[in-house]
Amino acid sequence: MYVRSDWKKASQFHDLSEREVLKEVYRRVAQCSAHQQVPVVLLDLDSTLYEVGPRTHQILREWLDTAEARAFPNIRSELARLEQEHVGYSLRDTFSALGVAAPEQELQQALSVIKTFWQARFFSNDYLKYDRAYEGAAEFVQEVHGMGAFVVYLTGRDEPGMGAGTRSMLIRDRFPWATERTHLLLKAAYGLSDLEHKVNASSFIRKTGELVASFENEPANLVAIYEQFPQAMHVFVETVSSDHAAPAAMGLYRICGFR
Ligand SMILES: [Mg+2]
């Protein structure tokens, strides 16, 4: 099992440009339709179609104005410098990118307090409006959908906390939604495992059609889908990812965006 850059080194990716990867997806969608099958394209949302850094940035800015933030004057003045480009996958990553200097104990305490504040907002409908679709992402999904693909959004977001906001953002950002051949698979509850949820999606995919391609920023999820559908293209979207370990895989694709 490998983490982040080690996983990228241990895995093997086709030597194709972003443009070539996306063209190959179009080619396979067309080919699948020509064989009278329903081509399925599977898309993760957070950090795959959507940049979520602005969501975290907004939440951290709000935290600075709270009474509890005043208990951490050093951290608070450091965080006041926070720009969107500092925001990483985790709060720890964000603190490192910002170069927050504070004694370890104070840092630990602050991180724990901020994490509670952050979690209550990050995983909620109200803050999804701060997300930004990556450039070209909506156009790409519109294109494959227009070619006849069945678009499945598979996300670790949960229905009770984030379902309504997710649907309205798909519409705001012009992703195919509320139309034929679209489906959204959310977790039924917040506490469920993302990985299990994504593996369980395979029964929906199999009864819908033929999986042509999956897109995901999280190595463990990408490899889990790859193992279920080895004949499909599995595209690693190289934005940010967690430090969860994943097995290496061969024959993957990778892109940094959809431009
Ligand atoms: Mg993701």
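**Figure 1. Sequence-distant contacts in the protein chain of this predicted model.** Take contacts between residues at least 6 apart in sequence: 73% of them join residues at least 24 apart. The protein chain has ten helices and eight strands. Its radius of gyration is 19 Å, close to the 18 Å from the globule rule for 259 residues, so the chain is as compact as a globular protein of that length. The C-alpha trace spans about 65 × 40 × 30 Å along its principal axes. Of the 259 residues, 39% are buried.

**Figure 2. Domain 1 and domain 2 of the protein chain.** The domain assignment gives domain 1 as 4-52 + 133-255 and domain 2 as 53-129. Their C-alpha centres lie 29 Å apart. Contact between them involves twelve residues of domain 1 and eleven residues of domain 2. On the domain 1 side, helix α8 (residues 159-172) gives the most, with six residues.

**Figure 3. The open sheet of six strands.** The strand order is β5-β4-β1-β6-β7-β8. The pairing is parallel. At the edges stand β5 (182-187) and β8 (253-255), each paired on one side only. From one strand to the next, the twist averages 20°.

**Figure 4. Strands β6 and β7, with helix α10 across them.** Strand β6 covers residues 210-216, and strand β7 covers residues 233-237. They pair in the parallel sense over four bridges. Glu-216 stands opposite Phe-236 in β7. Helix α10 (residues 219-228) lies across β1 (39-43), β6 and β7. Relative to β6, helix α10 runs at about 170°.

**Figure 5. The largest nonpolar core.** In soluble globular proteins, nonpolar side chains tend to be buried together. Here the largest such core has 66 residues. Those with the most contacts inside it are Val-40, Val-41, Leu-42, Leu-43, Val-151, Val-212 and Val-235. Both domains contribute: the core draws at least three residues from each of domain 1 and domain 2.

**Figure 6. Surroundings of Val-235.** Neighbours within four places in sequence are left aside. Val-235 is then in contact with Val-21, Ala-213, Ser-214, Phe-215, Tyr-253, Arg-254 and Ile-255. Val-235 is also one of the residues with the most contacts inside the largest nonpolar core.

**Figure 7. Leu-64 in helix α3.** Helix α3 covers residues 53-64. Leu-64 has 15 other C-beta atoms within 10 Å, so this residue is partly exposed. Beyond neighbours within four places in sequence, Leu-64 is in contact with Ala-69, Arg-76, Leu-79 and Ala-80. Ala-10 is 54 residues from Leu-64 along the chain. Their C-alpha atoms are separated by 40 Å.

**Figure 8. Ala-246 in the loop between β7 and β8.** This loop residue is buried, because 23 other C-beta atoms lie within 10 Å and the cut-off for burial is 20 or more. Not counting residues up to four places away in sequence, Ala-246 touches Met-1, Tyr-2, Trp-7, Pro-219, Ala-220 and Val-223. Pro-219, Ala-220 and Val-223 fall within the range of helix α10 (residues 219-228). Ala-246 and Arg-259 are 13 residues apart in sequence. In space they are 27 Å apart, C-alpha to C-alpha.

**Figure 9. Positive phi at Gln-36 and Arg-181.** Most residues other than glycine have a negative phi. Gln-36 is not a glycine, yet its phi is positive, about 60°. Gln-36 is found in the loop between α2 (18-34) and β1. With 6 C-beta neighbours inside 10 Å, Gln-36 counts as exposed. Arg-181 also has a positive phi, near 55°. Arg-181 is found in the loop between α8 and β5. The count for Arg-181 is 17 other C-beta atoms within 10 Å, so Arg-181 is partly exposed.

How values were computed:
Residues are numbered from 1 along each chain as its sequence is written. This is a predicted model: local features need pLDDT of at least 70, side-chain atom pairs count only at pLDDT 80 or more; totals for chains, interfaces and linings use all residues. Two strands pair if DSSP finds at least two bridges between them. Helices (H or I, at least four residues) and strands (E, at least two) are DSSP runs, numbered from the N terminus. Axes are lines fitted to C-alpha atoms, for helices over the stretch in contact, and angles run from 0 to 180 degrees between N-to-C directions. Two residues are in contact if their C-beta atoms, placed from the backbone, lie within 7 Å. A nonpolar core is a set of buried Ala, Val, Leu, Ile, Met, Phe, Trp, Tyr and Cys residues joined through C-beta atoms within 7 Å. A residue is buried if 20 or more other C-beta atoms lie within 10 Å of its own, exposed if 12 or fewer, and partly exposed in between; C-beta atoms are placed from the backbone. Domain bounds come from an automatic or database domain assignment. The radius of gyration is taken over C-alpha atoms; the globule rule is 2.2 Å times the number of residues to the power 0.38.
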